[in-house]
Amino acid sequence: MANNKPNEEPRTSIDEVNDTLTGIGEKVQSNPKIIVWSCVAVAVIVAAVLVYVYAVRQPGQNAANNALGQADMEMLMGNDSVALAKYRQVAADHGYDAGNLAKLNAAILLYKDGKYEEALSYLKDYSSSESIIGASAKSLEGDCYVNLKKYPEAISCYEKAISISDNNPHYTPAFMLKEATVLREQKDYKAEAAVYEKIIKDYPNYGSEIGVDLKKYLERAQDAASK
């Protein structure tokens, strides 16, 4: 910099780091108690973490998993109302993955019961780092909005499901097909046709897999858009 004295070599970052380390070393030598108390502080932190993991977190996770398992058994046995009550309880009382998954399962059962607003309350509080489950949950959120006739919100959910489904050849075009259906309901035929075109281009086998002639859907949308 301009403040360097004549004939003085410019200092580098390495020089500054070395000076800092030297300064710390001098302070430690002159204050040996710092080392002792630092070690004590670290030991206390480690002990607190271990207590949390083994005395709180693991038992909490086990309790949550057991409660979720009981709810799952009720659902497998066809006792949806009992399962829903248990899922609600797990979601309310437990965190961790079990509590999070209970929210999704509760939303699924509420959707089946036609309780779309309640299902949405759980879906909005649900989070997933896994692409397919997360995308499916977002798609279910869109389905709730469709049944509530909130079409812009539904399309937004389907678009998010599409974006996080990692181009899965089975799921991504399914979400796109839902989006196209809602666009048709809104009479946005041009946008509907664009979605069909993308499905046919990017997922050419999807139509035959589900037994739907997507080209006819595309032609129908194009005809409606041209009128």
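In the predicted model, a polar atom of the Asn168 side chain lies 2.9 Å from the backbone nitrogen of His170. The side chain of Asn168 also reaches the backbone nitrogen of Tyr171, at 3.0 Å. Asn168 itself is located in the loop that runs between α7 (151-164) and α8 (172-185). Its relative accessibility is 19%, and Asn168 therefore counts as buried, the cut-off being under 20%. Apart from neighbours within four places in sequence, the residues in contact with Asn168 are Ile132, Pro173 and Tyr203.

Salt bridges were searched for over the whole structure, and 10 were found. One of them joins Glu118 to Arg88, with the closest N and O atoms 2.8 Å apart. This pair links distant parts of the chain, since Glu118 belongs to helix α5 (residues 116-123) and Arg88 to helix α3 (residues 80-93), 30 residues apart. Both partners are partly exposed, Glu118 at 34% relative accessibility and Arg88 at 28%.

Helix α5 also contributes Glu117, whose side chain meets that of Lys150 in a salt bridge with an N to O distance of 3.8 Å. Lys150 lies in the loop between α6 (131-147) and α7, so the pair ties together parts that are 33 residues apart in sequence. Lys150 is partly exposed at 32% relative accessibility, as is Glu117, with a relative accessible area of 46%.

A salt bridge within helix α6 is formed by Glu141 and Lys138, the closest N and O atoms being 3.2 Å apart. These residues are 3 positions apart in the helix and are therefore separated by about one helical turn. Glu141 is buried, with a relative accessible area of 7%, whereas Lys138 is partly exposed at 22%. In addition, a network of salt bridges links Arg184, Glu192 and Arg220.

The search for aromatic pairs returned 3 in the whole structure. Among them is the edge-to-face pair of Tyr196 and Tyr217, with 5.7 Å centre to centre and 90° between the planes. Tyr196 is part of helix α9 (residues 189-202) and Tyr217 of helix α11 (residues 214-226); the two are 21 residues apart, and the pair links distant parts of the chain. Tyr196 counts as buried at 1% relative accessibility, while Tyr217, at 31%, counts as partly exposed.

On the surface, Met73, Leu76 and Met77 make a nonpolar patch of about 370 Å². Of these residues, Met73 lies in helix α2 (residues 32-76) and is partly exposed, its relative accessible area being 47%.

Notes: Residues are numbered from 1 along each chain as its sequence is written. This is a predicted model: local features need pLDDT of at least 70, side-chain atom pairs count only at pLDDT 80 or more; totals for chains, interfaces and linings use all residues. Side-chain values use heavy atoms; hydrogens and water are left out. Helices (H or I, at least four residues) and strands (E, at least two) are DSSP runs, numbered from the N terminus. Buried means under 20% relative accessible area, exposed over 50%, partly exposed in between (1.4 Å probe, protein chains only). A polar contact is a pair of N or O atoms within 3.5 Å; within protein, one must be able to donate a hydrogen and the other to accept it, and residues adjacent in sequence count only if both atoms are side-chain atoms. Contact means heavy atoms within 4.5 Å. Patches are made of residues with over 30% relative accessible area and no salt bridge: like charges are joined within 9 Å, nonpolar side chains (Val, Leu, Ile, Met, Phe, Trp, Tyr) within 5 Å. Accessible areas come from the Shrake-Rupley method with a 1.4 Å probe; for residues, only the protein chains shown count as cover. A salt bridge is a side-chain nitrogen of Lys or Arg within 4 Å of a carboxyl oxygen of Asp or Glu. Rings of Phe, Tyr and Trp (its six-membered ring) pair if their centres lie within 6.5 Å; planes under 30 degrees apart count as stacked, over 60 as edge-to-face and the rest as tilted.
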